[in-house]
Amino acid sequence: MAADVLVRLSGVRKSFGGVVALDGVDLEVRRGEFFSLLGPSGCGKTTLLRLLAGFDTPDAGRIEIAGKDMAGVPPYDRPVNTVFQNYALFPHMTVEANVAFGLRMKGLPQAEVQRKVAWALELVDLLGLERRYPRELSGGQRQRVALARALVLEPEVLLLDEPLSALDLKLRQELRVELMQLQRRLGKTFIFVTHDQEEALVMSDRIAVMRAGRIEQLGLPDEVYERPKNRFVADFLGRSNLLPARPHPQGAETPLGPLRLREPLSREALLVIRPEKIRLYPLGNGVPARENLVRARVEEIVYTGAENQYYLRAGEVRLLAYTLNQDLQEPGAEEFAYGEEVLCYLPPENLVVVHE
Amino acid sequence: MNEAATPFQRFFRVLVTVGPGGLWLLLFVLLPTLLVLVASFLTRGPYGELSGPLGLHNYARVLEPLYLEAFAQSLLVGALSTLLSALLGYPLAFYIARHPKRDLLLFLLLLPFLTNFLIRVYAWLVLLQREGLLNAFLGAFGLGPYAFYPSFFAVLLTTVYTFLPFFVFPVYASVERLDWQLLEAAYDLGARPVRAFLHAVLPQTYPGLFAGSVLVFIPAMGTFVVADLLGAGRVVLIGNLIQQQFGVTRDWAFGAALGVFLMGFVLLSLYLYARIQGERGLEELV
């Protein structure tokens, strides 16, 4: 496994004028991986990317790319290329000249430059736009030029700094899929910075969730989503119901009463359950006679198309539960009305214990 | 509201919006230029007045070697001042734009303009003359004295001094708007510092460079005060000759022809630039 590590950071620190941007980051990114750095603005994810690109130097720690220490190596000698958030295309150069720029800087012969530029433009589906200037392109097209310009140099690692954030939702969703396909086709290592948790979940092989210059949790998308390690991760990725809990013979004592867990609590903790994991049943009709049932009243219903979001109140506790609209086709599934009393089932396997 | 406007209302609106500017242009640009143009075809009368006959004889004189030489000399002063202003002003604009106290530095750059132009030119005379400060300074090291004044060098130095701020300001405006991320992008794509600058930074400052060059070149070519005072007759520029025709010689017709010739040259240069650069070139200039 160690041979597969392409990027290794150990104890990396960086601060700007007394403000700590990275507070001792250890990280290993594997070859061929789509790796996301996810976090709110100011969490240090962009700083991390800039350290990898070589635009900034770490105050402490070590960065290795492809087995080489990057200390003192300027950006133009690093085996990485960057897709900038605002693309940073050269406005006075055509699409072709933008994509050819890096190849020309390497001093490749003209014939090879042309061949590679054509390859890169075909890769991102921009053939025919060679003579256009960036100002004559749409946002999505500019994004592709930026991608082609970086990929044509065949970097060991492609760094992407929120490349989709400037685009509208529909285009963003399309480009997500294209970017994933591109990455698989080329087998390149992508390090992708985003604050969009959905983007990270959809695209990544692994995700590092960052906060205040530290990595809070690192894992597969479903691990990070289903088994958040702490309150921050649970809160930042999607929405969560959080319940304070104390040890109890059955499992945990909570404001909703005793709840059974997979393993009883040993100390005070927080229980996390995702809205879509809570099952809703009408009172007295087909209710499974089980534990972890909570009676609640529907306070608000939000219809989003694909799902219904129920805002519930059980005593002092507010709960959020999602039901897929498709479930209505299944026997036993029902829609609920404002003010209606329902039974919420909180499956023990979906109650995640978090300490913080 | 627009649909309901009568022809008179529309006329009135155009008059109110375009009128004042148009009137200004008419009175202070178009009319004087036309007067000069007409005068350039007339002849000097016995008492120095403008009279007939009409003809191209003034322009024929413009092409005499004496005047062409002065014109070449002016071209040289204009070109060298522009070049020197660029070499000094371009880095200075970057320095100011990236300095935390750039407002103060800009003010300092403007400060000389608070003093009368003639006094500043005389100040250079004092500095450069045989018993001046520069020679006194060099004398302390056992050097000189040198004849800095009167000379072509003195004219050039003072011209650059005078017009340097006109170069710095437009470049400064370009630098302020600079997208520095393009420099990072160039580094990222493998460009070493010098090439990164040439490809990612320099092109962004072309509009400022051009505007600055025009603002220095045109007045430097037409100046006569500096050449008069610091050249002391040794450096004769086209501006001096024009001034002479309107002053001592009282041949306004010939002076006008020289002026039209100079103006034509400048306009032609700008036109050629616009042709080379395309329409964007002229837009950026304005």
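User: Which residues are buried in helix 8 of chain B, and what does "buried" mean here?

Analyst: In helix 8 of chain B, the buried residues are B:Leu182, B:Leu183, B:Glu184, B:Ala185, B:Ala186 and B:Asp188. Buried means under 20% relative accessible area, with exposed over 50% and partly exposed in between (1.4 Å probe, protein chains only). This is a predicted model, in which local features need pLDDT of at least 70 and side-chain atom pairs count only at pLDDT 80 or more, while totals for chains, interfaces and linings use all residues. Residues are numbered from 1 along each chain as its sequence is written, chains are lettered from A and ligands numbered from 1 in the order in which they are written, and side-chain values use heavy atoms, with hydrogens and water left out.

User: What makes helix 8 of chain B mostly covered, and what covers its buried residues?

Analyst: Helix 8 spans residues 181–188, and six of its eight residues are buried. The cover includes helix 1, strand 6, helix 2 and helix 4 (139–151) of chain A, together with helix 9 (193–201) of chain B. Helices (H or I, at least four residues) and strands (E, at least two) are DSSP runs, numbered from the N terminus. After helix 8 of chain B comes B:Gly190, with a positive phi near 100°.

User: Why is B:Ser74 called buried or exposed?

Analyst: B:Ser74 has 0% relative accessibility and therefore counts as buried. B:Ser74 belongs to helix 3 (residues 65–97) of chain B. Leaving aside neighbours within four places in sequence, the contacts of B:Ser74 (heavy atoms within 4.5 Å) are B:Met221, B:Leu237, B:Ile238 and B:Gly239.

User: Why is A:Met70 called buried or exposed?

Analyst: The relative accessibility of A:Met70 is 4%, so A:Met70 counts as buried. A:Met70 sits in the loop between strand 5 (68–69) and strand 6 of chain A. Not counting residues up to four places away in sequence, A:Met70 touches A:Ile63, A:Ile65, A:Arg78 and A:Pro79.

User: How do you know that B:Arg192 and A:Asp77 form a salt bridge?

Analyst: The rule asks for a side-chain nitrogen of Lys or Arg within 4 Å of a carboxyl oxygen of Asp or Glu. The side chains of B:Arg192 and A:Asp77 meet at 3.0 Å, N to O, and the pair therefore satisfies the rule. Across the interface of chain A and chain B, two salt bridges are found.

User: Which elements give two or more residues to the side of chain A that touches chain B?

Analyst: These elements are helix 1 (45–53), strand 6 (80–83) and helix 2 (95–105) of chain A. Helix 2 gives the most, with four residues. By class, this side has 14 nonpolar, five polar and five charged residues. Ala, Val, Leu, Ile, Met, Phe, Trp, Tyr, Cys and Pro count as nonpolar, Asp, Glu, Lys and Arg as charged, and the others, Gly among them, as polar.

User: How much area do chain A and chain B bury between them?

Analyst: About 1,800 Å² is buried, 62% of it on carbon and sulfur atoms. Buried area is the accessible area (1.4 Å probe) that two parts lose on being put together, summed over both. In the interface, 24 residues of chain A are in contact with 17 residues of chain B.

User: How many helices and strands does chain A have, and what share of its residues counts as buried?

Analyst: Chain A has eight helices and 20 strands. Of its 356 residues, 51% count as buried.
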